[in-house]
Amino acid sequence: MDYERERAAAAGALAALAWAASEPFDEVFLRTGYSDVALLGKGVTRSWLWWPLGLTAHAANGAAFGVGVATVSKHSSLPVRKLAFRLAMAEHFLSFPFARIADRKHPARGQKGVMPVFTFRGFVQATWRHALFGALLGRLLEHAEQRSRP
């Protein structure tokens, strides 16, 4: 992995960790019981390991997304900040319908953090989380680009 990809992966992981840190607040504000970290972690185990496993998977997803955005930005005329935000929102709008499957099939459905998400409040929550992620990722990638210039 080259230095640019490492920075993009780090930016994506950091943006995903910021998303995870915001979850307890938006769950209370929007009165939902949904956590992406719980969805990922409790899909693997219901032991106390669900949280570190879910957080690791969430950060890894963010890292992969960061590398993807950085790769696409090389072929795009859009500034990386706009591109990251738009791609994060596109991912949200394209993937949200699959929340219905998670609501029905997730092995831990109904447990804390894995409450139904295919609702109006769940949509608002997911929109906010993707907007936060995209905005932060774009800013971090822009900063990384500026630092890598000679």
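This is a short tour of a predicted model, taking in its pockets, two of its helices and a handful of residues.

Some ground rules come first. Residues are numbered from 1 along each chain as its sequence is written, and side-chain values use heavy atoms, with hydrogens and water left out. Because the model is predicted, local features need pLDDT of at least 70 and side-chain atom pairs count only at pLDDT 80 or more, while totals for chains, interfaces and linings use all residues.

## The largest pocket

Let's start with the open space. The largest pocket holds about 560 Å³. Of the 22 residues lining this pocket, W19, D36, E91, S95 and H130 sit closest to its centre. Two or more lining residues come from each of α1 (3–30), α2 (36–42), α3 (50–73), α4 (80–95), α5 (99–105) and α6 (120–148). Which helix gives the most to that lining? That's α3, with 4 residues. By class, the pocket lining splits into 14 nonpolar, 6 polar and 2 charged residues.

A few terms need spelling out. On a 1 Å grid over the protein atoms alone, a pocket is an open set of points with protein on both sides within 12 Å along at least five of seven lines, a cavity is a set where a 1.4 Å probe fits but cannot get out, and lining residues have an atom within 4 Å of a point. Grid points are joined across faces, edges and corners, and a volume is the space filled by probe spheres set on them. Helices are DSSP runs (H or I, at least four residues), numbered from the N terminus. For the classes, Ala, Val, Leu, Ile, Met, Phe, Trp, Tyr, Cys and Pro are nonpolar, Asp, Glu, Lys and Arg are charged, and the others, Gly among them, are polar.

## A closed cavity

The structure also holds 1 cavity of 30 Å³ or more. The largest cavity has about 30 Å³ of space, and its lining is made by Y34, L39, A102, D103, V114, M115 and V117. That lining counts 6 nonpolar residues, no polar ones and 1 charged.

## Helices α3 and α4

Now for two of the helices. With 24 residues, α3 reaches 34 Å from its first C-alpha to its last, close to the 34 Å expected at 1.5 Å a residue. (The expected span is 1.5 Å times one less than the number of residues.) As for α4, its 16 residues should span 22 Å, and its end C-alpha atoms are 22 Å apart, which agrees.

Buried here means under 20% relative accessible area, exposed means over 50%, and partly exposed is in between (1.4 Å probe, protein chains only). Among the buried residues of α3 are G54, L55, H58, A59 and A70. In α4, the buried ones are V80, L83, A84, A88, M89 and H92.

## Residues worth a visit

H130 is found in helix α6, and it's buried because its relative accessible area is 9%. Its side chain makes a polar contact (a pair of N or O atoms within 3.5 Å; within protein, one must be able to donate a hydrogen and the other to accept it, and residues adjacent in sequence count only if both atoms are side-chain atoms) with the side chain of E91, at 2.6 Å. Leaving aside neighbours within four places in sequence, H130 is in contact (heavy atoms within 4.5 Å) with W19, A88, M89, E91 and H92.

M89 lies in helix α4. On that same basis for sequence neighbours, M89 touches T127, H130 and A131.

The loop between α1 and α2 is home to S35. A polar atom of the S35 side chain lies 3.0 Å from the backbone nitrogen of A38. Beyond four places in sequence, S35 is in contact with E23, E27, G113 and R129.

Is R31, another visitor to this loop, buried or exposed? At 61% relative accessibility, R31 counts as exposed. R31 lies in the loop between α1 and α2, and its phi is near 55°, a positive value in a residue other than glycine. Most residues other than glycine have a negative phi.

Here are some C-alpha to C-alpha separations.

| Pair | Apart in sequence | Apart in space |
|---|---|---|
| P79 and G138 | 59 residues | 8.7 Å |
| A70 and G138 | 68 residues | 9.4 Å |
| M89 and N61 | 28 residues | 15 Å |

P79 is found in the loop between α3 and α4, and A70 has its place in helix α3.
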